Amino acid sequence: MNFIEKVKKKLLNKLNNKSFSSYEEALRFCEKKTKGVYESEIISEYRFRKTNIFLENEGNILAAPSIPLLMFALNYYLKKENSKAPGLIDFGGACGESIIVLHKIFSDEIYEKSWIIESPQVVKESKNWEFAKNIKFSSNLNEIISKNNIDIFFTSSCIQYLKNPLEILSQVAESNISLVVLTRNHFSSKNEIRVQISSLSENGIGSHLKEYKDNLIYFPKTSIDPKKVIELFVKNGYSILINSRNKYELNNSDQGGDLIFSKI
């Protein structure tokens with residue numbers, strides 16, 4: 001992103017830095033700017049194509065900002081559970097990068113026991129790519145939790161884009177999942193619904209694909225009260241393993257707030 005584009009994006013963020021009265025209102029605003037928003041065919045295709053090229057060029061997924069916390073949770077789990085491969089849900093796991101990393105450790109067993117939960121469009125797009133053929137994608141979190149033995153629920157910079165993050169987290173808290181890992185969250189005691197603007201090139205891993213125009217992408221974004229999240233999990237028998245407010249730099253945007261809850 002060149003200097004002019006950075007200035008333009010900063011101005012746009014300031015102009016659109018307003019609160020909306022409802023998630024639906026913010027979504028309608030974003031739909032006018034980004035057709036389909038979360039169900040955009042172009043964004044889904046772009047992310048998978050970009051990831052495919054990144055993997056073909058032997059890119060280092062371990063450099064992704066969410067991987068250290070995933071590896072911490074994995075090691076904690078393995079120490080407690082005698083080194084068996086975990087059943088994993090990566091909620092909002094995009095193209096399955098987390099499963100690709102863990103395949104280096106657990107081979108095909110991780111494919112059998114793990115899921116990426118994503119939007120219907122991402123699930124549909126995943127079927128077009130060879131690198132994702134063994135990764136299981138679904139849009140139905142409740143079904144996957146109820147029908148499978150899930151040991152780790154992991155989500156990175158995702159729940160703030162949901163209409164009601166606590167509704168999804170309640171499904172998780174009421175389950176018997178051993179470890180719940182929430183990283184790079186937008187935590188705030190203020191109840192706000194705003195719009196986040198990013199460039200297409202900031203989505204996915206690797207370098208921008210020049211054949212795609214680097215348009216601005218608009219997404220609704222909700223704040224999450226960390227106290228309510230903690231109360232929810234503690235009420236359901238979890239202890240707090242990690243509670244931090246560290247900030248991460250990813251694609252020029254700050255995401256802060258990590259929580260890990262444990263039942264083991």
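Is E143 buried, exposed or partly exposed? I opened my notebook with this residue, and the entry reads that E143 counts as partly exposed, at 33% relative accessibility. I note at the outset that I am working from a predicted model.

**Entry 1: helix 8.** I then looked up what the side chain of E143 meets, and found K147, with which E143 forms a salt bridge at 3.4 Å, N to O. Both residues belong to helix 8, which covers residues 141-147, and because they are four residues apart there, about one helical turn separates them. K147 is exposed, with a relative accessible area of 63%, whereas its partner E143 is partly exposed.

**Entry 2: the other salt bridges.** How many salt bridges does the structure hold? I wrote down four for the structure, and looked up further pairs beside the one in helix 8. One of them joins the side chains of K163 and E24 at 2.4 Å, N to O. K163 sits in the loop between strand 4 (152-156) and helix 9 (165-173), while E24 sits in helix 2 (residues 23-33), so this pair ties together parts that lie 139 residues apart in sequence. For K163 I recorded 54% relative accessibility, which counts as exposed because the cut-off for that word is over 50%. E24 counts as partly exposed, at 33% relative accessibility. Another salt bridge brings the side chains of K133 and E130 together at 2.7 Å, N to O, and I noted that both K133 and E130 are exposed.

**Entry 3: helix 9.** After the loop that holds K163, I went on to helix 9 and asked which of its residues are buried. My list for this helix reads P165, I168, L169, S170, V172 and A173. I also looked up what covers these buried residues, and the elements include strand 1 (88-91), helix 8, strand 4, strand 5 (179-183), strand 7 and helix 10 (226-235). Helix 8, where I found the pair K147 and E143, is thus among the elements that cover helix 9.

**Entry 4: strands 6 and 7.** Strand 7 led me to its neighbour in pairing, since strand 6 and strand 7 (residues 216-222) pair in the antiparallel sense over seven bridges. At one position I followed the pairing residue by residue, and found that I197 has Y218 of strand 7 as its bridge partner. Strand 6, which spans residues 193-199, is mostly covered, with six of its seven residues buried.

**Entry 5: aromatic rings.** Y218 came up again when I turned to the rings, for it forms one aromatic cluster with F20 and F29. The count of aromatic pairs comes to 11. One of the pairs is F72 with Y76, which is stacked, at 6.5 Å centre to centre and 25° between the planes. These two residues are four apart in helix 4 (residues 67-80), which means that about one helical turn separates them. I also looked up the exposure of F72, and entered it as partly exposed, with a relative accessible area of 35%.

**Entry 6: cysteines.** How many disulfides does the structure hold? I entered zero disulfides, and then looked up two cysteines to see where they lie. C30 is buried, with a relative accessible area of 0%, and C95 is likewise buried, with a relative accessible area of 2%.

Key: Residues are numbered from 1 along each chain as its sequence is written. This is a predicted model: local features need pLDDT of at least 70, side-chain atom pairs count only at pLDDT 80 or more; totals for chains, interfaces and linings use all residues. Side-chain values use heavy atoms; hydrogens and water are left out. A disulfide is a pair of cysteine sulfur atoms within 2.5 Å. Buried means under 20% relative accessible area, exposed over 50%, partly exposed in between (1.4 Å probe, protein chains only). Two strands pair if DSSP finds at least two bridges between them. Contact means heavy atoms within 4.5 Å. Rings of Phe, Tyr and Trp (its six-membered ring) pair if their centres lie within 6.5 Å; planes under 30 degrees apart count as stacked, over 60 as edge-to-face and the rest as tilted.
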